[in-house]
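Student: Could you take me on a close look at one part of this protein, the surroundings of a single side chain, and then connect that part to the rest of the fold?

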Amino acid sequence: MSYNKKDPTQTSSFSPIKHWYEIFILLVALSWSWSYDMPMALSVPLRETKGLTDQNIQTLFTVACVPNIVLPLVIGLIIRKFGPGIMYLTLSMVLVGHSTFCLGVFTTSYTLMIIGRIING
């Protein structure tokens, strides 16, 4: 049998769902990186219009990093128990956290900004 001809008994490995899933994961990773750096991009407007200090802005970065100390272990155990499909819930927390942070910026609530950064972390 020639290698140039396709064997009709073999199935194709192309799956459009797999490609959409990979694009989704890529977009989530990019949006997390973008939303992680959001306080730095907004540091001047946050200082001038919302009255935050440099210490407050640095705290926004710190609270986003603290969950990353424990969560990789916890998420690893959850994935092992429930399977990789549970990651959709975990990845949706990026949207929830960033939305909470944006609501905090809009309402000038530093507490909401902190909560959003913790969820996003």
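Tutor: Happy to! Let's start at Ile57, which, leaving aside residues up to four places away in sequence, touches Pro39, Ser43, Leu46, Arg47 and Leu52. Keep in mind as we go that this is a predicted model.

Two of those partners, Leu46 and Leu52, belong with Ile57 to the largest nonpolar core. That core has eleven residues in all, and its other members are Met38, Leu60, Phe61, Val63, Phe101, Val105, Met113 and Ile114. At least two of the core residues come from each of helix H4 (54-65), helix H6 (87-107) and H7. The biggest contributor is H4, which gives four residues. As background, nonpolar side chains tend to be buried together in soluble globular proteins.

From here, let's follow Met113 and Ile114 into helix H7, which spans residues 110-120. Its buried residues are these two together with Gly116, Arg117 and Asn120. They lie on the same side of H7 because they cover an arc of only 165° around the axis. A general point helps here: an α-helix has 3.6 residues a turn, so residues three or four places apart point the same way.

Asn120 leads us on to another feature, the largest pocket, whose volume is about 420 Å³. Its lining counts 17 residues, and the closest to the pocket centre are Leu71, Thr90, Val94, Asn120 and Gly121. Helix H1 (16-36), helix H5 (67-82), H6 and H7 are the elements that each give two or more residues to this lining. H6 gives the most, with five residues. So that you can place both features together: H6 and H7 each supply at least two residues to the core, and each also gives two or more to the pocket lining.

Stepping back to the whole chain, you will find seven helices and zero strands, in the order α-α-α-α-α-α-α along the sequence. Of the 121 residues, 23% count as buried. Among contacts between residues at least 6 apart in sequence, 60% join residues at least 24 apart.

One last detail concerns the cysteines. The structure holds zero disulfides. Cys65 is partly exposed, at a relative accessible area of 35%, and Cys102 is also partly exposed, at 38%. A nonpolar core takes in buried residues, under 20% relative accessible area, so Cys65 at 35% does not qualify, and neither does Cys102 at 38%.

Technical notes. Residues numbered from 1 in each chain as written. Predicted model: local features only at pLDDT ≥ 70, side-chain atom pairs only at ≥ 80, totals over all residues. Heavy atoms only, no water. Disulfide = S-S within 2.5 Å. Buried < 20%, exposed > 50% of the residue type's maximum accessible area, 1.4 Å probe, protein only. Arc of directions from axis to C-beta. Core = buried A, V, L, I, M, F, W, Y, C linked by side-chain atoms within 4.5 Å. Contact = heavy atoms within 4.5 Å. 1 Å grid on protein atoms, 1.4 Å probe; cavity = no way out; pocket = protein on both sides within 12 Å on 5 of 7 lines; lining within 4 Å. Points joined across faces, edges and corners; volume = space filled by probe spheres on them.
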